[in-house]
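These are my notebook entries on a protein chain. I wished to look up its paired charges, its helix contacts and its buried residues.

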Amino acid sequence: MPLTATLERQTGRLPAELTSFIGRQAELEQARRLIDGHRLVTLTGSGGVGKTRLAVRAAGLARDAFRDGVFFVCLSGLTEPSLLAQAICEALGVGERGARPAAARLADHLDDLRVLLVLDTCEHMVEECATLSEALLRSAPELRVLATSRQPLDVMGEYTFTVPPLGGPRAARDTVPDGRECDSVTLFAERAAATVQGWALTRENRDTVVRLCDRLDGIPLAIELAAVQLRAFLLDQVLARLGTHLFQARGRRTGLRRHQTLRATVDWSHALCSPEERLLWARLWCSRATST
């Protein structure tokens, strides 16, 4: 398991942001309102769309409303569903109490606390997260849960908010009224400048960046992986290599495994599918390959 995931689960603290947070002001405001008005909020969306970043930022903004703390539990490295309650106990610092089950100890601990619990990456144990969340919410009246998942938990009282891709320009030279770029282009430009010294968005390369962000559907992970490719390729070459080349391109060495390549992100989703859904994937892939 990556060291970062281990630290997040053991300490329960919100992970510090290592890169700039681009855009998402409307989504942040909505997520903040949802936390105020609902006891269980689940941020859903496709892989790489930025659910975790949005959850962490929204939880940070809500911190003052929770006198007993905001706790973050990263579940992506947890492969045994039966250890879910124990992982949350570790994040909240709930110790052993004889032979009492972790879920019972957790319920006792949260009984009269006003806490925001952020459960990140629930989709691979969605049933267990749903069952435990509902039980904790029933036993701890001041508890709020903010979850991220590629599918809803389907719990009574849950409010699901689908995180959209980053906004892009409506046309090749469209910008917002104050002259700033749209979020997807801004993200690519900032990550590219951090990757290649001296790189800058210019009038000459802007249309290529716009086409690239449009081809990537505004998915933040895909845009960041494309920016990393500027270490080895020119911007036009990165655009030309979209498809299988970018699909397998590796991002940062220390990132979560499922975010290091687009293939890993898709593989994570594929592993969660039923046999019938995987068969549909295969048929769609074969159909696409035949048509091209």
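Entry 1, a neighbouring pair. I looked up Arg67 first and found it exposed, because its relative accessible area is 56% and the cut-off for exposed is over 50%. I noted that the model I am reading is a predicted one. Arg67 forms a salt bridge with Asp68, and the closest N and O atoms of this pair are 3.4 Å apart. I then checked Asp68, whose relative accessibility is 30%, so I recorded Asp68 as partly exposed. As a general note, I wrote down that side chains of opposite charge can pair when their charged atoms come close.

Entry 2, a buried pair. I asked which residue forms a salt bridge with Arg206. The partner is Glu181, with the closest N and O atoms 2.8 Å apart. I placed Arg206 in helix α8 and Glu181 in the loop between β5 (158-162) and α7. The two residues are 25 apart, and the pair links distant parts of the chain. I also looked up accessibility here: Arg206 and Glu181 are both buried.

Entry 3, a pair between helices. I turned to Glu224, which forms a salt bridge with Arg191; the closest N and O atoms are 2.9 Å apart. Glu224 belongs to helix α9 (residues 220-228) and Arg191 to helix α7, so this salt bridge ties together parts that are 33 residues apart in sequence. Are Glu224 and Arg191 buried or exposed? Glu224 counts as partly exposed, because its relative accessibility is 26%. Arg191 has a relative accessible area of 10% and is therefore buried, the cut-off for buried being under 20%.

Entry 4, the count of salt bridges. I found 12 salt bridges in the structure. I also found a network of salt bridges that links Glu17, Arg53 and Arg57.

Entry 5, helices α7 and α8. Having met both helices above, I looked up how they lie. The axes of α7 (residues 183-195) and α8 (residues 206-215) come within 9 Å and cross at roughly 110°. The two helices are therefore roughly perpendicular to each other, since angles of 65 to 115 degrees count as such. Their crossing is right-handed. Which residues meet where α7 and α8 touch? From α7 I listed Ser184, Val185 and Phe188, and from α8 Val209, Val210, Leu212 and Cys213. Sorted by class, this contact has six nonpolar residues, one polar residue and no charged residues.

Entry 6, buried residues of two helices. In helix α3 (residues 51-61), I found Lys51, Leu54, Ala55, Val56, Ala58 and Ala59 buried. I asked what covers the buried residues of α3. The covering elements include α2 (25-37), β1 (40-44), β2 (70-74), β3 (116-120), β4 (144-148) and β5. In helix α5 (residues 102-110), the buried residues are Ala102, Arg105, Leu106, Ala107 and Leu110. I recorded that these residues pack against α4 (84-92) and α6 (126-139).

Entry 7, the chain as a whole. I counted 13 helices and five strands in the chain. Of its 292 residues, 46% are buried. Finally, I looked up contacts between residues at least 6 apart in sequence, and 73% of these join residues at least 24 apart.

Notes:
Residues are numbered from 1 along each chain as its sequence is written. This is a predicted model: local features need pLDDT of at least 70, side-chain atom pairs count only at pLDDT 80 or more; totals for chains, interfaces and linings use all residues. Side-chain values use heavy atoms; hydrogens and water are left out. Axes are lines fitted to C-alpha atoms, for helices over the stretch in contact, and angles run from 0 to 180 degrees between N-to-C directions. Helices (H or I, at least four residues) and strands (E, at least two) are DSSP runs, numbered from the N terminus. Angles under 35 degrees count as roughly parallel, over 145 as roughly antiparallel, 65 to 115 as roughly perpendicular and the rest as oblique. A crossing is left-handed if the near helix is turned anticlockwise from the far one by less than a right angle, and right-handed if clockwise. Contact means heavy atoms within 4.5 Å. Ala, Val, Leu, Ile, Met, Phe, Trp, Tyr, Cys and Pro count as nonpolar, Asp, Glu, Lys and Arg as charged, and the others, Gly among them, as polar. A salt bridge is a side-chain nitrogen of Lys or Arg within 4 Å of a carboxyl oxygen of Asp or Glu. Buried means under 20% relative accessible area, exposed over 50%, partly exposed in between (1.4 Å probe, protein chains only).
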